[in-house]
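Trainee: Could you walk me through this fold and show me how each label is earned?

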Amino acid sequence: MQPLLIAFIGVLLLALAAMILGHARARNSWRLQRDAEAEAHSSLTAELERAHAEALRERDADHDAALATQSLAHWHKMRNAERRHEEKLAELETELTRKDAVLTRALAQASTGIKWELASRSAIVAACETADIDAIVATNIVFVPDEDADDVFCAQVDHLVLSPNAALLIDSKRWNGLVFDGVRPSTRAQPLAALFDESAFTGSFALHLTPRGKETRSIDVRTYLDADAPAQRARLQAIRLLRYLRLQAAALDHIDTCVFYSHPDATVVTSGYDGSGRFRTHIAHTHTLAGVLQRVHSGGDGGIDPQQLTRVASVIRRLGADLVGTGRYASEYTSPIPLTKHDRLTAARPS
């Protein structure tokens, strides 16, 4: 029995040794597999990290490039805007320089040419005194109208009479001879119809007939129709002056208009008005001017308060106009050019 037991024990020992050896081999194989997997995972992780880092670098590069492009585009946009702004400023400065030059020349011409308006100024002041009107008489108002035009130009208003009740623009025409304003000659003498084509006299018009010198018996005839008619031109100047005064914070609600034929020897044939309603123009001569002034300023709505009147007078004075006051304004508004008796034209007292 002993040999069998020894053999059995030997077999068991061999089986145990074989089992231990197999387990050791299996454990060694698992360790090798684990190490291989760890190395593969580490390698994959490193590769992923490199790929992620590269992707981040590419994204940052693209972002920086986009920012640079956007910044460059924004810079160009801002530079273009600045350039356009500079060009606009240059255009405005050039336009302002042109306007200043035009106005300077016009004011210089007005200051030397006021002598042509002295007689009518004197007649208007005398008419205001005759009509007992407290007024400011402004002569030679030169300004640059605020309107679209191909060329910058100056407008010139002969006279503006301001009172607390109304403002009256007076366009003076020192025309000698015979004047028909708004009246067809044939209505006063039928044979005159043979001398004129009266079919054109449908709107505003004026005819001026004057001898062509002392040594000849011929007559010059000038015809002024529609926009060229003195009444139409007076209304246009009133509109321009209203717009200009509004821009200077010296707005007036309305300016009445008058065409004044100021030559003392002129014969004026007129109905007394051109147009209708609030836009009609008074037509006057030396014997009717006081009556026109009295009607306009007594019929006004009293809408010019003292501060407003002062502002308007101040703006007009800055334009180089000559100002003369009558009544309560006589001491405040005096002209360096005196009103001499020789200059004055008598005005008939209104009936």
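Mentor: Sure, let's start with a pair of helices: α2 (residues 118-130) and α4 (residues 289-298) pack at an angle of about 60 degrees, with their axes 8 Å apart. Axes here are lines fitted to C-alpha atoms, for helices over the stretch in contact, and angles run from 0 to 180 degrees between N-to-C directions. Keep in mind that this is a predicted model: local features need pLDDT of at least 70, side-chain atom pairs count only at pLDDT 80 or more, and totals for chains, interfaces and linings use all residues. Residues are numbered from 1 along each chain as its sequence is written, and side-chain values use heavy atoms, with hydrogens and water left out.

Trainee: Why is α2 called oblique to α4?

Mentor: Angles under 35 degrees count as roughly parallel, over 145 as roughly antiparallel, 65 to 115 as roughly perpendicular and the rest as oblique. The angle is about 60 degrees, and that makes α2 oblique to α4. The crossing of α2 past α4 is right-handed, a term used if the near helix is turned clockwise from the far one by less than a right angle.

Trainee: Which residues make the contact of α2 and α4?

Mentor: From α2 come Ala123, Ile124, Ala127, Cys128 and Thr130, and from α4 come Leu289, Ala290 and Leu293. Contact means heavy atoms within 4.5 Å. They divide into 7 nonpolar, 1 polar and no charged. For that split, Ala, Val, Leu, Ile, Met, Phe, Trp, Tyr, Cys and Pro count as nonpolar, Asp, Glu, Lys and Arg as charged, and the others, Gly among them, as polar.

Trainee: What makes α4 "mostly covered"?

Mentor: In α4, 7 of its 10 residues are buried, where buried means under 20% relative accessible area (1.4 Å probe, protein chains only). Among them are Leu289, Val292 and His297. The cover includes α2, β2, β3, β7 and β10.

Trainee: And the sheet: what order do its strands have?

Mentor: The sheet is open, with 7 strands in the order β9-β10-β7-β3-β2-β1-β11 and mixed pairing. Strands β9 (273-274) and β11 (322-326) each have a single partner strand, so one side of each lacks a neighbour in the sheet, and they stand at the edges.

Trainee: How do you know that β2 and β3 are paired?

Mentor: Two strands pair if DSSP finds at least two bridges between them. There are 4 bridges between β2 (residues 155-162) and β3 (residues 167-173), which run antiparallel, so the pair meets that definition. One of the bridge partnerships joins leucine 162 to alanine 167 in β3. On the other hand, β3 and β7 run parallel, joined by 6 bridges. Strands β7 and β10 (residues 281-285) also run parallel, with 5 bridges; there phenylalanine 260 stands opposite alanine 284.

Trainee: Why is β7 described as largely enclosed?

Mentor: Because 6 of the 6 residues of β7 are buried, the strand is largely enclosed by the rest of the structure. Asp256, Cys258 and Phe260 point one way, while Thr257, Val259 and Tyr261 point the other way. In a regular strand the side chains alternate between the two faces of the sheet.

Trainee: What about β11: how many of its residues are buried?

Mentor: That strand is mostly covered, with 5 of its 5 residues buried. Asp322, Val324 and Thr326 point one way, and Leu323 and Gly325 the other way. β11 pairs with β1 in the antiparallel sense over 5 bridges, and alanine 135 has threonine 326 as its bridge partner in β11.

Terms used
Helix = DSSP H or I, 4+ residues; strand = E, 2+ residues; numbered from the N terminus. Buried < 20%, exposed > 50% of the residue type's maximum accessible area, 1.4 Å probe, protein only.
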